[in-house]
Amino acid sequence: MKSNTLGSLIWLRMMRFTHESNTLSNEFLKQFDLTTAKFDVLMQISLFEPIPQSELAQKVTVTQGGISRMLARLEQEQLIIRQQDWKTKYISLTEKGTELLNNAFDAQLAFQTSFFDETLTKEEQKTLYKLISRVQKNSEKRSK
């Protein structure tokens, strides 16, 4: 077995951080009766509403199969509404969904920001953001 490359070690660290961050966020978001996946879906809807269900499925961290089940639960909780326009389902937040997201947003933003503020200087954060953005954009090119 070959030894790891620096690139593979960076990837492993990113995966471990993402996993730990999601675990901690899920615990943190319980106070709002949310998970990171629900938070992500509600955020995307709020940014792009009314958004076609197929487009929403491409933007979120939920699998294609999982998005239908997630939306059914969110609809049952009266956080979203789905409206059919011929063959396309459009998703929007309800007033209740908007209120929940508004209540959770600032707290989640502060929680996520704390991981970086407690560890990195502002300059280091800017550098990390530029570097990870470049890597992410390259991975997008590969997936097309």
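Okay, let's start with the strands: E1 and strand E3, residues 88-93, run antiparallel and are joined by two bridges. Keep in mind as we go that this is a predicted model. One of the pairs across that join is Ile-51, which stands opposite Ile-91 in E3. Pro-52, for its part, sits opposite Tyr-90 in E3.

Now the other partner of E3. E2 pairs with E3 over six bridges, again in the antiparallel sense. If you want a residue to click on, take Ile-80, whose bridge partner in E3 is Leu-93. Then have a look at the hairpin of E2 and E3: there are two residues between the strands, and Trp-86 takes a positive phi near 60 degrees there.

Put that together and you get an open sheet of three strands, in the order E1-E3-E2, with antiparallel pairing. So which strands stand at the edges? They're E1, residues 51-52, and E2, residues 80-85; each has a single partner strand, so one side of each is left without a neighbour in the sheet. Helix H4 packs on this sheet and touches E2 and E3, with its direction at about 115 degrees to that of E2.

That brings us to the helices. Just as background, people describe two packed helices by the angle between their axes and the distance between the axes. Here, H2, residues 36-48, and H4, residues 64-76, pack at an angle of about 80 degrees, and their axes are 11 Å apart. Angles from 65 to 115 degrees count as roughly perpendicular, and H2 and H4 are therefore roughly perpendicular to each other.

Who's actually meeting whom? From H2 you have Ala-37, Lys-38, Val-41, Leu-42 and Ile-45, and from H4 you have Ile-67, Met-70, Leu-71 and Leu-74. By type, the residues of that contact come out as eight nonpolar, one charged and no polar.

Let me stay with H2 for a moment. H2 has 13 residues and reaches 18 Å from its first C-alpha to its last, close to the 18 Å expected at 1.5 Å a residue. Which of its residues are buried? Thr-36, Lys-38, Phe-39, Asp-40, Val-41, Leu-42, Met-43, Gln-44 and Ile-45. Notice that Lys-38 is buried and is also one of the H2 residues that meet H4.

That's my tour, thanks.

Methods: Residues are numbered from 1 along each chain as its sequence is written. This is a predicted model: local features need pLDDT of at least 70, side-chain atom pairs count only at pLDDT 80 or more; totals for chains, interfaces and linings use all residues. Side-chain values use heavy atoms; hydrogens and water are left out. Axes are lines fitted to C-alpha atoms, for helices over the stretch in contact, and angles run from 0 to 180 degrees between N-to-C directions. Helices (H or I, at least four residues) and strands (E, at least two) are DSSP runs, numbered from the N terminus. Angles under 35 degrees count as roughly parallel, over 145 as roughly antiparallel, 65 to 115 as roughly perpendicular and the rest as oblique. Contact means heavy atoms within 4.5 Å. Ala, Val, Leu, Ile, Met, Phe, Trp, Tyr, Cys and Pro count as nonpolar, Asp, Glu, Lys and Arg as charged, and the others, Gly among them, as polar. The expected span of a helix is 1.5 Å times one less than its number of residues. Buried means under 20% relative accessible area, exposed over 50%, partly exposed in between (1.4 Å probe, protein chains only). Two strands pair if DSSP finds at least two bridges between them.
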